[in-house]
Amino acid sequence: MGARRVRKPSHEGLWYVACARENRGYTRASSRQARCVLAALPERRAAVSAATHASMQGNKSKDTKPELLVRERLREAGLGGYRLQWKAPGRPDVAWPGKKVCLLINGCFWHRCPKCKPPMPKKNLEYWVPKFRRNVERDAQNIAKLEEQGWRVHVIWECELKKKTIDSTFAELIPILHKELDK
């Protein structure tokens with residue numbers, strides 16, 4: 001439920017429930033009964049190497065290389081006037097809100113590309129498998145919500161932006177966008 005145990009400095013040896021604001025309703029009833037005190041030991045997390053930690057911290061959510069490449073190609077094609085991270089379900093990477101057209105630019109690893117099928121990490125599968133499943137489910141829900149609200153959604157995968165395939169990707173996409181945006 002998003003709750004985690006935290007140690008309160010004045011109560012040595014006791015652990016209290018701390019959770020995100022949106023999950024407080026779930027823990028409130030059980031917290032009152034137990035007065036937020038957990039007698040259990042803290043959960044142990046597996047140690048991660050410094051290189052892995054640095055790599056994970058370097059993952060950006062916006063202005064990634066694929067996004068910058070797509071935006072460059074859109075400007076070259078005369079398809080400016082878009083908005084970034086628009087306030088719509090899933091925060092589309094590129095959106096034309098007036099025309100209700102958007103682009104989702106997905107990384108193959110994180111969003112589990114069905115075309116190139118990236119390999120699964122070899123370690124810590126109990127973390128990665130549910131993580132990827134949640135990502136894929138969330139993507140499908142966001143696309144469904146956007147389409148329900150009348151948006152035309154185009155998904156561009158990172159593997160479609162490689163040197164060998166980028167020209168064919170945009171040769172197919174640009175005419176569709178010109179037609180949908182009346183440009």
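Tutor: A residue is called buried when its relative accessible area is under 20%, exposed when that value is over 50%, and partly exposed in between. Keep in mind that this is a predicted model.

Student: Which residues of α5 are buried?

Tutor: They are Trp 128, Lys 131, Phe 132, Asn 135, Asp 139, Asn 142 and Leu 146. Among the elements that cover them are α2 (50-57), β6 (101-106), α4 (108-111) and β7 (152-157).

Student: How do you know that the span of helix α5 agrees with what its number of residues predicts?

Tutor: Helix α5 runs over residues 125-148, which is 24 residues. The expected span is 1.5 Å times one less than the number of residues, so α5 should span 34 Å. Its end C-alpha atoms are 34 Å apart, and therefore the two values agree. Just after the helix, Gly 150 has a positive phi of about 95°.

Student: What makes the phi of Arg 112 worth a remark?

Tutor: Most residues other than glycine have a negative phi. Arg 112 is not a glycine, yet its phi is positive, near 55°. Lys 117 also has a positive phi, of about 45°, and is not a glycine. Arg 112 sits in the loop between α4 and α5, and Lys 117 is placed in the loop between α4 and α5 as well.

Student: Are Arg 112 and Lys 117 buried or exposed?

Tutor: Arg 112 has a relative accessibility of 17%, which is under 20%, so it counts as buried. Lys 117 has 63%, which is over 50%, so it counts as exposed.

Student: Why is Met 120 called partly exposed?

Tutor: Its relative accessibility is 35%. That value is neither under 20% nor over 50%, so Met 120 falls in between. Met 120 is in the loop between α4 and α5. Not counting residues up to four places away in sequence, its contacts are Arg 112, Leu 125, Trp 128, Val 129 and Phe 132.

Student: What makes the pair Arg 73 and Asp 167 a salt bridge?

Tutor: Their side chains meet at 3.2 Å, N to O. The cut-off is 4 Å, between a side-chain nitrogen of Lys or Arg and a carboxyl oxygen of Asp or Glu, so the pair qualifies. Arg 73 lies in helix α3 and Asp 167 in helix α6, so the bridge ties together parts 94 residues apart in sequence.

Student: How do you know that Lys 115 and Glu 160 form a salt bridge?

Tutor: The N to O distance is 2.1 Å, which is within 4 Å, so the definition is met. Lys 115 is in the loop between α4 and α5, and Glu 160 in the loop between β7 and α6, 45 residues apart. Lys 115 is exposed, because its relative accessible area is 53%, whereas Glu 160, with 14%, is buried.

Student: Why is Asp 93 not counted in a salt bridge?

Tutor: The nearest side chain of opposite charge is that of Arg 71, 7.4 Å away. A salt bridge needs a distance within 4 Å, so Asp 93 has none, although it is buried. The side chain of Asp 93 does reach the backbone nitrogen of Ile 105, at 2.7 Å. Arg 71 itself is linked with Asp 63 and Glu 67 in a network of salt bridges.

Student: What makes His 154 and Glu 180 a polar contact?

Tutor: Their side chains are joined at 2.8 Å, and the cut-off for the pair of N or O atoms is 3.5 Å, so the distance fits. His 154 is found in strand β7. With a relative accessible area of 14%, it is buried.

Student: Which residues have the most contacts inside the largest nonpolar core?

Tutor: They are Val 70, Leu 74, Trp 96, Leu 103 and Leu 177, in a core of 17 residues. The elements that give two or more residues to this core are α3 (65-76), β5 (94-96), β6 and α6 (166-181). The most come from α6, which gives six. Leaving aside neighbours within four places in sequence, Leu 177 is in contact with Leu 74, Leu 79, Trp 96, Val 101, Leu 103 and His 154.

Student: How many helices and strands does the protein chain have?

Tutor: It has six helices and seven strands. Of its 183 residues, 31% are buried.

Methods: Residues are numbered from 1 along each chain as its sequence is written. This is a predicted model: local features need pLDDT of at least 70, side-chain atom pairs count only at pLDDT 80 or more; totals for chains, interfaces and linings use all residues. Side-chain values use heavy atoms; hydrogens and water are left out. Helices (H or I, at least four residues) and strands (E, at least two) are DSSP runs, numbered from the N terminus. Buried means under 20% relative accessible area, exposed over 50%, partly exposed in between (1.4 Å probe, protein chains only). Contact means heavy atoms within 4.5 Å. A nonpolar core is a set of buried Ala, Val, Leu, Ile, Met, Phe, Trp, Tyr and Cys residues joined through side-chain atoms within 4.5 Å. Lys and Arg count as positive and Asp and Glu as negative; His and the chain ends are not counted. A polar contact is a pair of N or O atoms within 3.5 Å; within protein, one must be able to donate a hydrogen and the other to accept it, and residues adjacent in sequence count only if both atoms are side-chain atoms.
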